Amino acid sequence: MDAIRKKREIDRLEKDVEELRRLASKGSDEELERLHREVEELKREFYRHLGAWQRTQLARHAHRPYTLDYINMLFEEWCELHGERGFADDPAIVAGLARFHGQACVVVGHQKGRDTKQKVLRNFGMPKPEGYRKALRVMQLAAKFRRPIFTFVDTPGAYPGMDAEERGQAEAIARNLREMARLPVPIIVTITGEGGSGGALAIAVGDRVNMLENSIYSVISPEGCASIMWREAARAEEAANALKITAHDLLQIGIVDEIVPEPEGGAHHDPEGAARLLEPVLARTLEELLPQPPEKLLKARYEKFRRMGQNVIS
Amino acid sequence: MAWFKREKKSLESVPPDERRVRTEGMWIKCEACAAILWKKDLDTNWQVCPKCEHHFKLGSVKRLELLLDDAEWTEHDAALASNDPLAFVDTKPYKLRLKDAQKKLGMADAILTAEGHLNGRPLICCSMEFGFIGGSMGAVVGEKVTRAIELCLEKQLPLVIVSCSGGARMMEGTISLMQLAKISAALARLDDARLPFISILTDPTTGGVTASYAMLGDLNIAEPGALIGFAGPRVIEQTIRQKLPEGFQRSEFLLQHGFLDAVVHRRDLKRYISTSLDFFLA
Ligand SMILES: [Zn+2]
């Protein structure tokens with residue numbers, strides 16, 4: 001609430017400055033410049049201190065770039081592959097071949113839809129078992145031909161429906177976790193929006209796990225947590241804080257490796273800017289991982305996850 | 001009369017889930033067939049209703065007594081306990097929840113790791129305790145299962161895990177989620193080493209436990225009538241806005257849909273594990 005009020009205040013100030021600038025047609029007025037700088041500083045300060053709940057809302061923002069947007073902006077020669085060879089193609093996960101800076105690779109990611117029709121088609125980014133099985137099939141293809149893998153994580157969670165249960169949602173996720181741990185090629189994971197529990201993790205076991213500044217990664221949604229803990233989904237803000245789901249929290253706990261900065265105000269303000277900020281991180285990580293022999297890669301990947309939680313027991 | 005009173009008093013520490021079963025004191029009404037059972041009969045029958053074969057929950061220690069020879073084993077990592085990494089508080093501080101569960105059950109977290117023998121064959125057996133915060137998996141359960149797997153690798157032993165869990169432990173946030181990846185990675189190594197892993201799924205096995213080790217057995221075996229799934233029935237009903245059909249997500253349903261090798265009665269479980277290990281190992 002407080003943050004929303006503060007944001008309104010900033011917006012109002014910003015409008016005032018614009019208005020003043022328009023009136024003072026010279027545009028070089030010192031007082032005006034000073035005001036402008038102050039507003040900019042306030043804005044930066046505001047975004048630096050966003051709470052977990054505000055970031056949750058940014059992570060879910062309808063204009064936030066999705067996997068196919070990043071693929072369009074960062075990769076060349078995208079060739080989407082479909083199906084898991086068993087039941088159906090799941091549009092909530094996209095997978096395919098592409099090139100990154102000329103390097104042939106595989107890209108896998110959750111895909112949300114933007115308009116109502118797309119949202120329904122993509123099942124709001126909630127995959128069914130066949131989606132996870134497709135992801136694994138294509139990642140194993142990458143392993144076979146020794147190509148690195150990029151994954152983009154953005155899902156509210158694996159779909160909790162009857163059909164998904166019937167076809168083994170749990171089994172599909174579990175298998176991905178085990179198999180990703182032993183794919184002998186670099187896996188670079190980027191959490192771009194919502195990292196919703198097992199449904200996110202199922203394509204997020206990698207050598208590096210990066211998080212966009214306003215993305216979240218959680219064992220349960222804040223709403224779900226609130227409704228279990230307090231029988232009140234409305235207390236989601238409290239739950240979001242308690243769960244420690246922001247990139248900053250998770251970097252501190254040692255669950256993610258790097259925070260990727262976003263354009264001011266969030267990736268949805270400037271998708272191309274967001275891609276420009278992500279690109280060097282992916283390039284540098286790939287350069288680090290690509291020359292490593294598979295045994296070394298797998299050992300380090302094992303140890304990376306092996307350490308998780310070890311410091312919180314006594 | 002005196003012991004009726006005493007029995008009633010001890011009720012206060014019983015979680016609401018089990019209270020229904022025990023309110024009759026020495027007598028228990030079967031939740032499946034409504035028969036009135038003498039508690040002692042149920043105890044000697046490993047918590048299986050003698051009238052209708054309904055499988056009640058079996059405690060983690062009793063489970064080891066059921067499976068391991070002479071009810072003897074060496075426990076590993078018994079002292080591992082959570083230090084409440086997120087300082088999590090909901091209606092009650094997590095620290096307090098842990099302390100209460102530890103006091104009630106005499107164990108540090110929701111799983112026991114035992115090294116013992118099953119029909120003469122040495123193995124490692126992990127047994128989950130639903131009474132401990134719903135058998136939920138946080139860093140301790142994750143670490144203990146991972147160490148159990150690593151112990152199997154070191155000693156070249158087969159692994160049996162008896163799951164009984166509502167899933168990942170919310171109070172440890174994303175750390176709990178990471179345990180799924182940690183354990184599954186260790187299971188990949190066990191698989192590479194060609195050591196058998198038999199997963200036993202009991203009522204209930206849901207969420208992150210199902211979505212990691214419980215579904216990754218060389219054999220996945222469930223007890224009759226166990227609730228097994230990824231999402232809980234309540235969440236699914238909210239999603240689809242309708243009631244789930246009878247038997248949905250029960251063992252027999254999963255068997256039908258191809259996710260279990262067998263549904264095995266509790267009294268046959270030890271023999272079943274033993275026979276299958278005989279097939280796998282010399
Ligand atoms: Zn009965």
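These notebook entries record what I looked up in this predicted model.

**Entry 1. Domains of chain B**

I began with how chain B is divided. I found domain 1 at 7-56 and domain 2 at 58-280. I then looked up the distance between the C-alpha centres of these two domains of chain B, which is 23 Å. Their contact draws on eight residues from domain 1 of chain B and eleven residues from domain 2 of chain B. On the domain 1 side of this contact in chain B, I noted three nonpolar residues, four polar residues and one charged residue.

**Entry 2. Strand β6 of chain B**

I turned next to strand β6 of chain B, residues 159-165. Are its residues buried or exposed? I found that seven of its seven residues are buried. I also looked up which way they point from β6(B). L159(B), I161(B), S163(B) and S165(B) point one way, while V160(B), V162(B) and C164(B) point the other way.

**Entry 3. Partners of β6(B)**

Which strands pair with β6(B)? I found strand β5 of chain B, residues 121-128, paired with β6(B) in the parallel sense over four bridges. The bridge partner of C125(B) in β6(B) is V160(B). Between these strands the chain runs from β5(B) through α6(B) to β6(B), in a right-handed β-α-β crossover.

Strand β7 of chain B, residues 197-205, also pairs with β6(B) in the parallel sense, over six bridges. Here I noted V160(B) again, with I198(B) as its bridge partner in β7(B). I recorded that β6(B), α7(B) and β7(B) form a right-handed β-α-β unit.

**Entry 4. The contact between the chains**

I looked up how the two chains meet. I found 47 residues of chain B in contact with 44 residues of chain A. Four elements of chain B, namely α6 (139-155), α7, α8 (207-210) and α9 (233-240), each give two or more residues to the chain B side. Which element gives the largest share of that side? It is α7(B), with 14 residues. By class, I noted 27 nonpolar, 17 polar and three charged residues on the side of chain B that touches chain A.

**Entry 5. The largest nonpolar core**

In soluble globular proteins, nonpolar side chains tend to be buried together. I therefore looked up the largest nonpolar core, which has 151 residues. V108(A), M139(A), L177(A) and L159(B) have the most contacts inside this core. Helix α7 of chain B, residues 173-192, gives the most to this core, with eleven residues.

Lastly, I checked V108(A), leaving aside its neighbours within four places in sequence. Its contacts include I93(A), A95(A), V138(A), M139(A) and I203(A).

Methods. Residues numbered from 1 in each chain as written. Chains lettered and ligands numbered in written order. Predicted model: local features only at pLDDT ≥ 70, side-chain atom pairs only at ≥ 80, totals over all residues. Domains from an automatic or database assignment. Contact = placed C-beta atoms within 7 Å. Nonpolar A, V, L, I, M, F, W, Y, C, P; charged D, E, K, R; others polar. Core = buried A, V, L, I, M, F, W, Y, C linked by C-beta atoms within 7 Å. Buried ≥ 20, exposed ≤ 12 C-beta atoms within 10 Å, placed from the backbone. Pairing = 2+ DSSP bridges. Right-handed = clockwise from strand over helix to strand, strands pointing away.
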